[in-house]
Amino acid sequence: MGKITAPCFRERKLDGDRLALLTAYDYPSAKVLDACDVDAILVGDSCAMAVMGRQDTLSMTMDEMLHHVRMVSAATEHALVIADMPFLSYQISVEEAVRNAGRLVAEGGAEAVKLEGPPSIFGDTIRAILDIGIPVMGHLGLTPQSIHQFGGFKVQGKKPEQREQILEAAMGLDELGCFGVVLECVPADLAADVTARLSCPTIGIGAGHACDGQILVMHDILGWGFTRFTKTYVDVKAAMEKAFKDYVHDVRSGAFPAEEHAYK
Ligand code: KIV
């Protein structure tokens, strides 16, 4: 397995290869994902919901993100490590955005950053981050940091003017030099149109089959998922519940620890 870098993404699209991405937020999970040949591990701000028990991604801070990025980058040799830029880490000013993107790389060990929104708002920010040598991934459609504006976690791009905006924004991100664009919760035919128009790969989540790659939240494919677009590959939650119940039972009944678990 060779090392995946940001430039590999465009090459993979040219070669017609599909990209498989997952999120991870800690060392042991990232270690397993890396050994399973995933192309990139996203330390997403979905961490706030998947492992911190929060209702949305908005409260994730830079310090929290750095904490998780460090664990993932320490475990990863093959996959590209992408760090999400938390809410308010890139919206205030270009200077702050560059500093925070730099921290995710210098202190966290990330190899690329992802931020949400169109180039009409974040074009200068993306250019400035790219200018200091940090690859940027875009994110359009249902951008979870804007849920209050959308009125909740709702499919985006159903109306003709929204479709046009997403298409135009995706083309703008491609032209700026983003190495990939995440399309979240958009109709499959819109994702197909966008994919056909970009030279960088589209990475879909709830965006149908035509995208150049797919990303899912790791916990969702392990049995904690509840959205239409996810798929449970193995019910780890059920396996954990069984293990914990068996342990409690064994301790209470005296079956654990047995002789082989004790030191002589
Ligand atoms: O935060 C996240 O995990 C994400 C993806 C699911 C695209 O942004």
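Which pocket does the space taken by the ligand correspond to? Keep that in mind while you set up the view. The model is predicted.

**Stop 1: the ligand**

Select the ligand. The space it takes is the largest pocket. Now show the residues around the ligand. Start with T23, then pick L42, G44, D45 and S46. Add D84, K114 and H139. Finish the shell with V182, I205, I215 and V217. Colour this shell by class. Five of its residues are nonpolar, four are polar and three are charged.

**Stop 2: polar contacts**

Keep the ligand in view and show three side chains as sticks. Go to S46. An N or O atom of the S46 side chain is 2.5 Å from a ligand oxygen. Move to K114. Here the distance from a side-chain N or O atom to an oxygen of the ligand is 2.9 Å. Then take D45, where a side-chain N or O atom is 3.1 Å from a ligand oxygen. Next, turn on the surface. How much of the ligand's area does the protein bury? On its own the ligand exposes 260 Å², and the protein buries 96% of that.

**Stop 3: the largest pocket**

Hide the ligand and look at the space itself. The largest pocket has a volume of about 1,000 Å³. Its lining takes in 45 residues. Select E184, I205, D220, T227 and F229, which lie nearest the centre of this pocket. I205 also belongs to the shell around the ligand.

Switch to cartoon and pick out the elements that give two or more residues to this lining:

- helices α3 (47–50) and α10 (218–224)
- strands β6 (180–184), β7 (202–205) and β8 (213–216)

Colour the lining by class. The largest pocket is lined by 20 nonpolar, 14 polar and eleven charged residues.

**Stop 4: the second largest pocket**

Now leave the ligand's pocket. The second largest pocket has a volume of about 610 Å³. Centre on G117, P118, I121, T143 and F150. Of the 26 lining residues, these are the closest to the centre of the second largest pocket.

Which elements give two or more residues to this lining? Select α6 (119–131), β5 (136–141), α7 (147–150) and α8 (160–176). Then stay on α8. This helix supplies the largest share of the lining, six residues.

Colour by class once more. The lining of the second largest pocket has ten nonpolar, 13 polar and three charged residues.

**Last view**

Bring the ligand back. Its space is the largest pocket, with D45, S46 and K114 facing ligand oxygens at the distances given above.

Key: Residues are numbered from 1 along each chain as its sequence is written. This is a predicted model: local features need pLDDT of at least 70, side-chain atom pairs count only at pLDDT 80 or more; totals for chains, interfaces and linings use all residues. Side-chain values use heavy atoms; hydrogens and water are left out. A residue is near a molecule or strand if one of its heavy atoms lies within 4 Å of it. A polar contact is a pair of N or O atoms within 3.5 Å; within protein, one must be able to donate a hydrogen and the other to accept it, and residues adjacent in sequence count only if both atoms are side-chain atoms. Accessible areas come from the Shrake-Rupley method with a 1.4 Å probe; for residues, only the protein chains shown count as cover. On a 1 Å grid over the protein atoms alone, a cavity is a set of points where a 1.4 Å probe fits but cannot get out, and a pocket is an open set with protein on both sides within 12 Å along at least five of seven lines; lining residues have an atom within 4 Å of a point. A molecule sits in a cavity or pocket if more than half of its atoms lie within 2 Å of its grid points. Ala, Val, Leu, Ile, Met, Phe, Trp, Tyr, Cys and Pro count as nonpolar, Asp, Glu, Lys and Arg as charged, and the others, Gly among them, as polar. Grid points are joined across faces, edges and corners, and a volume is the space filled by probe spheres set on the points. Helices (H or I, at least four residues) and strands (E, at least two) are DSSP runs, numbered from the N terminus.
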